[in-house]
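Biologist: Please pick one part of this model and go through it closely, with its surroundings. I would rather have one connected account than a list.

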Amino acid sequence: MSTTLTVIGSGNVGSAVAALAAKGGAQVQVLGRDQEKAAALAAQVSGSAGVVGDAITGDIVVLAVPVTAFDELVATYGAQLDGKVVVDVTNPVDFATFDSLTVPADSSAAAELQAKLPGVKVVKAFNTLFAGVLAAGRVGGDVPAVVLVAGDDEAAKTALIELVTAGGVQGIDAGSLKRAREMEAVGFLQMTLAAREITGWTGGFALRK
């Protein structure tokens, strides 16, 4: 039985995750606020499309939206997400100043999402790679990309790692959901370096064993 994945959001990150999942043989559903954009992405990955509010069909749900949209999605779906693997890809950056994160220093967007959805298995992933890097599978064009995965549910992490591996990108268990705060800090630093044109949006941090 193939993996079923719902991607909420049809922007750059959502598109890269949907393409990776489809490449690995997953059945992909795309939900977005813009029906036409969701349908266009779904067509690219031979998946189904709908709008936010439609029923979720995936066992793994990727929230490829800004962290500010979390409350709306929690209110919209609530208990419908219970038992599912919910993947947070965000970097909760304060875009007004671009100088800090919007979560407490001892927390993370993923931890706050888990508190709002106690019945789901929240996993942090994809936030330490730019969308172009994930799509290419390479950092800077020559170093293999690695998806770090953090969460408290071992089966949930394994399911996501198997999904990205099937799509041709290495996945690594980064530890418990507590590690999401370090992952968000790495993602934030990477963004600030790219914004200052010290690195490119096809580059970034790489991991070698």
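Modeller: What follows is an account of one strand, E1, and then of the sheet, loops and charged pairs in the rest of the chain.

The model is predicted, so every value below is computed from predicted coordinates. Strand E1 covers residues 4-8. Five of its five residues are buried, so E1 is largely enclosed by the rest of the structure. In a regular strand, side chains alternate between the two faces of the sheet. In E1, Thr4, Thr6 and Ile8 lie on one side, Leu5 and Val7 lie on the other, and both faces are covered, with all of these residues buried. The cut-off behind that word is a relative accessible area under 20%.

The neighbours of E1 within the sheet come next. Strands of a sheet pair through backbone hydrogen bonds, in either a parallel or an antiparallel arrangement. E1 and E2 run parallel and are joined by five bridges. One contact point in that pairing is Thr4, whose bridge partner in E2 is Gln27. E1 also pairs with strand E4 (residues 60-63), again in the parallel sense, over four bridges. There, Ile8 has Leu63 as its bridge partner. Thr4 and Ile8, which have these partners in E2 and E4, sit on one side of E1.

These pairings belong to an open sheet of eight strands in the order E3-E2-E1-E4-E5-E6-E9-E10, with mixed pairing. Strand E3 (48-51) and strand E10 (170-175) are the edge strands, each paired on one side only. From one strand to the next the twist averages 25°. Helix H1 (residues 12-23) packs on this sheet and touches E1, strand E2 (27-32) and E4. The direction of H1 makes about 170° with that of E1.

The rest of the chain gives the setting. Its secondary structure comes to seven helices and 10 strands. Buried residues make up 47% of the 209 residues. For 209 residues, a compact globule would have a radius of gyration near 17 Å, and the chain, at 16 Å, agrees with that. Along the principal axes, the C-alpha atoms fill a box of roughly 40 × 35 × 35 Å. Among contacts with a separation of 6 or more, 65% are between residues 24 or more positions apart. The chain exposes about 9,600 Å², with carbon and sulfur atoms supplying 53% of this area.

Farther along the sheet order are E5 and E6, and two backbone details fall in the loops that follow them. Most residues other than glycine have a negative phi. Phe98 has a positive phi, near 50°, and lies in the loop between strand E5 (85-88) and helix H4 (109-116). Phe126 also has a positive phi, near 70°, and is found in the loop between strand E6 (121-125) and helix H5 (131-136). Phe98 is partly exposed, with a relative accessible area of 27%, whereas Phe126 counts as buried because its relative accessibility is 3%.

E5 and E6 also carry a charged pair. Side chains of opposite charge can pair when their charged atoms come close. A search of the whole structure finds eight salt bridges. In one of them, Lys124 meets Asp88, with the closest N and O atoms 2.8 Å apart. That pair links distant parts of the chain, as Lys124 is in strand E6 and Asp88 in strand E5, 36 residues apart. Both Lys124 and Asp88 are buried.

At the edge strand E10, Asp173 forms a salt bridge with Lys157, the closest N and O atoms being 3.0 Å apart. This pair too links distant parts of the chain: Asp173 is in strand E10 and Lys157 is in helix H6 (residues 154-166), 16 residues apart. Lys157 is buried, with a relative accessible area of 2%, while Asp173 is partly exposed at 38%.

One more of the salt bridges joins the side chains of Glu182 and Arg181, at 3.3 Å from N to O. Glu182 counts as partly exposed at 34% relative accessibility, and Arg181 as partly exposed at 30%. Salt bridges with shared partners also join Asp88, Lys124 and Glu184 into one network.

Terms used
Residues are numbered from 1 along each chain as its sequence is written. This is a predicted model: local features need pLDDT of at least 70, side-chain atom pairs count only at pLDDT 80 or more; totals for chains, interfaces and linings use all residues. Side-chain values use heavy atoms; hydrogens and water are left out. Two strands pair if DSSP finds at least two bridges between them. Axes are lines fitted to C-alpha atoms, for helices over the stretch in contact, and angles run from 0 to 180 degrees between N-to-C directions. Contact means heavy atoms within 4.5 Å. The radius of gyration is taken over C-alpha atoms; the globule rule is 2.2 Å times the number of residues to the power 0.38. Buried means under 20% relative accessible area, exposed over 50%, partly exposed in between (1.4 Å probe, protein chains only). Accessible areas come from the Shrake-Rupley method with a 1.4 Å probe; for residues, only the protein chains shown count as cover. A salt bridge is a side-chain nitrogen of Lys or Arg within 4 Å of a carboxyl oxygen of Asp or Glu.
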